[in-house]
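Hi,

Here is the structure I promised to pass on to you. Have a look at it first, and then read on for my notes.

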Amino acid sequence: MKPLVLYYAKCSTCKKALKWLDDHGVDYDGRAIVEDHPSSDELGAWISASGLPIKRFFNTSGMKYRELGLKDKLATMSEDEQIALLATDGMLVKRPLLVSDAVIWPGFKEAEWQKLLS
């Protein structure tokens, strides 16, 4: 399966990630996270398969995260509630989000992606 990259077109980090993939000849499918945000089923499966804590999937530096006061609220929510919340708005999800058979990884750092995709 080709990697899937969920991205936000106006996000500079997403632009860097997509350029990096193109520069390294990685064939991938792109998906605009705001227009086609992930479902709760997708997020639940990806979070589980990633082995990462659910908090890693939240865009903690985003305006929506701050507007909703999630810094304090997440601690009192169940994982299912957090996943359902993430599924309501693509702007809540950490991006870019790399999804492949081998790895699910929120965020972009060149060195990490180099290791993950090699």
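Which residues have the most contacts inside the largest nonpolar core? Keep in mind that this is a predicted model. The answer is W46, F58, L86, L97 and W113, in a core of 32 residues. Two or more residues each come from β1 (4–7), α1 (12–23), α2 (40–50), α5 (79–86), β3 (97–99) and β4 (104–106). The largest share, four residues, is given by α1. As a general point, nonpolar side chains in soluble globular proteins tend to be buried together.

Now for the overall layout. The chain holds six helices and four strands. Read from the N terminus, their order is β-α-β-α-α-α-α-β-β-α. For a chain of 118 residues, a compact globule would have a radius of gyration near 13 Å, and the 14 Å found here agrees with that. Along the principal axes, the C-alpha atoms fill a box of roughly 40 × 25 × 25 Å.

Some totals may help you as well. Buried residues make up 41% of the 118. The accessible surface is about 6700 Å², and carbon and sulfur atoms account for 50% of that. If you take the contacts between residues at least 6 apart in sequence, 67% of them join residues at least 24 apart. As for charge, there are 16 positive and 17 negative side chains, and the centres of these two sets are 9 Å apart.

A few residues deserve a visit in your viewer. I would start with L4, which sits in strand β1. Is L4 buried or exposed? Its relative accessible area is 16%, and because the cut-off for buried is under 20%, L4 counts as buried. Beyond its neighbours within four places in sequence, L4 contacts D29, G30, R31, W46, L97, L98 and V99. Two of the residues named above for their core contacts, W46 and L97, are in that list. You could also look from L4 across to L117: they are 113 residues apart in sequence, yet their C-alpha atoms are 12 Å apart in space.

Next comes F58, another of the residues with the most contacts inside the core. Leaving out neighbours within four places in sequence, F58 is in contact with Y65, L70, L74, Q82, L85, L86, L92 and K94. The residue after it, N59, lies in the loop between α2 and α3 (63–67). N59 is buried, with a relative accessible area of 9%. With residues up to four places away set aside, N59 touches Y65, M91, L92, V93, K94 and R95. Y65, L92 and K94 thus appear among the contacts of both F58 and N59.

Last, please look at R95 again, this time for its backbone. The peptide bond from R95 to P96 is cis, with omega near -5°. P96 itself is in the loop between α5 and β3.

Happy viewing, and best wishes

Conventions: Residues numbered from 1 in each chain as written. Predicted model: local features only at pLDDT ≥ 70, side-chain atom pairs only at ≥ 80, totals over all residues. Heavy atoms only, no water. Rg over C-alpha atoms; globule rule 2.2 N^0.38 Å. Buried < 20%, exposed > 50% of the residue type's maximum accessible area, 1.4 Å probe, protein only. Contact = heavy atoms within 4.5 Å. Areas by Shrake-Rupley, 256 points an atom, 1.4 Å probe, with all protein chains shown as cover. Lys, Arg positive; Asp, Glu negative; His and termini not counted. Charge placed at Lys NZ, Arg CZ, Asp CG, Glu CD. Core = buried A, V, L, I, M, F, W, Y, C linked by side-chain atoms within 4.5 Å.
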